[in-house]
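Here are my notes for your review. Please read them with the structure open.

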Amino acid sequence: MSATADHAEERTNPAARLGFQPGQVVQEIGYDDDVDQELREAIESAVEGELMDEDYEDVADAVVLWFRDDDGDLTDALVDATTYIEEGGSILLLTPKTGRDGYVEASDISEASTTAGLTASKSVSVGKDWSGSRLATPKAAKSKR
């Protein structure tokens, strides 16, 4: 593949834009029948493997967290998700877009992320129904300096 094609894939593939890399172990939390299957497939393609489910018992490089407003406490969900990832890993928080069932206010995401000790590093539209926020653990946030 040419360099131009690589850049084109980054623009069109949300998984590539979000920094997923081949060989990464990615754990998925909050899967339900409303998730974006195309995004899941794009992440699996980017990491060249399957997403691990909530029962995965080892550490992961990243966590994909599908979260809806009625799923409980977002801060608790984020704190729990950090226990599954390597130091310096990231969490891709996926929430329904404005106007969709389960929409989560941006201020709630910001507050929960800060309380959980995470830093928002990137937000992106990842489909017609979902928005994504890439959240970094403190080690990952410091290494960017």
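Leaving aside neighbours within four places in sequence, which residues is Ile43 in contact with?

1. **Ile43.** This is a predicted model. Beyond its neighbours within four places in sequence, Ile43 is in contact with Ala15, Phe20, Val26, Leu51, Val64 and Leu92.

2. **The largest core.** The largest nonpolar core has 19 residues. Phe20, Val26, Ile43, Val64 and Leu94 touch the most other members. At least two residues of this core come from each of helix 3, strand 2 and strand 3. Helix 3 supplies the largest share, 5 residues.

3. **The second core.** A separate core holds 17 residues. Leu65, Ala77, Ala81 and Ala116 are among them.

4. **Strand 2.** Strand 2 covers residues 60–66. Of its 7 residues, 6 are buried, meaning under 20% relative accessible area. Strand 2 is therefore largely enclosed by the rest of the structure.

5. **Strand 1 against strand 2.** Strand 1 (residues 26–29) runs parallel to strand 2, and 4 bridges join them. Check two partners in strand 2: Gln27 is bridged to Val63, and Ile29 to Leu65. The connection deserves a look. From strand 1 the chain passes through helix 3 (residues 37–47) to strand 2, and this β-α-β crossover is left-handed.

6. **Side chains of strand 1.** Which residues of strand 1 point one way, and which the other? Val26 and Glu28 take one direction, while Gln27 and Ile29 take the other. All of them are buried. Note that this includes Glu28 and Gln27.

7. **Strand 2 against strand 3.** Here 6 bridges join the strands, again in parallel. Strand 3 spans residues 85–96. Trp66 stands opposite Leu94 of strand 3. The unit formed by strand 2, helix 4 (residues 74–82) and strand 3 is a right-handed β-α-β. Compare this with point 5, where the crossover through helix 3 is left-handed.

8. **The largest pocket.** How much space lies in the largest pocket? The value is about 210 Å³. The lining has 17 residues, and the closest to the pocket centre are Thr95, Ala106, Ile109, Ser123 and Ser133. Strand 3, helix 5 (106–115), strand 4 (119–125) and strand 5 (130–136) each give two or more residues to this lining.

9. **Elements to view together.** Strand 3 recurs in these points. It pairs with strand 2, supplies at least two residues of the largest core and gives two or more residues to the pocket lining. Helix 3 also recurs: it lies on the left-handed crossover and gives the largest core 5 residues.

Key: Residues are numbered from 1 along each chain as its sequence is written. This is a predicted model: local features need pLDDT of at least 70, side-chain atom pairs count only at pLDDT 80 or more; totals for chains, interfaces and linings use all residues. Side-chain values use heavy atoms; hydrogens and water are left out. Buried means under 20% relative accessible area, exposed over 50%, partly exposed in between (1.4 Å probe, protein chains only). Helices (H or I, at least four residues) and strands (E, at least two) are DSSP runs, numbered from the N terminus. Two strands pair if DSSP finds at least two bridges between them. A crossover is right-handed if, with the strands pointing away from the viewer, the path from the first strand over the helix to the second runs clockwise. A nonpolar core is a set of buried Ala, Val, Leu, Ile, Met, Phe, Trp, Tyr and Cys residues joined through side-chain atoms within 4.5 Å. Contact means heavy atoms within 4.5 Å. On a 1 Å grid over the protein atoms alone, a cavity is a set of points where a 1.4 Å probe fits but cannot get out, and a pocket is an open set with protein on both sides within 12 Å along at least five of seven lines; lining residues have an atom within 4 Å of a point. Grid points are joined across faces, edges and corners, and a volume is the space filled by probe spheres set on the points.
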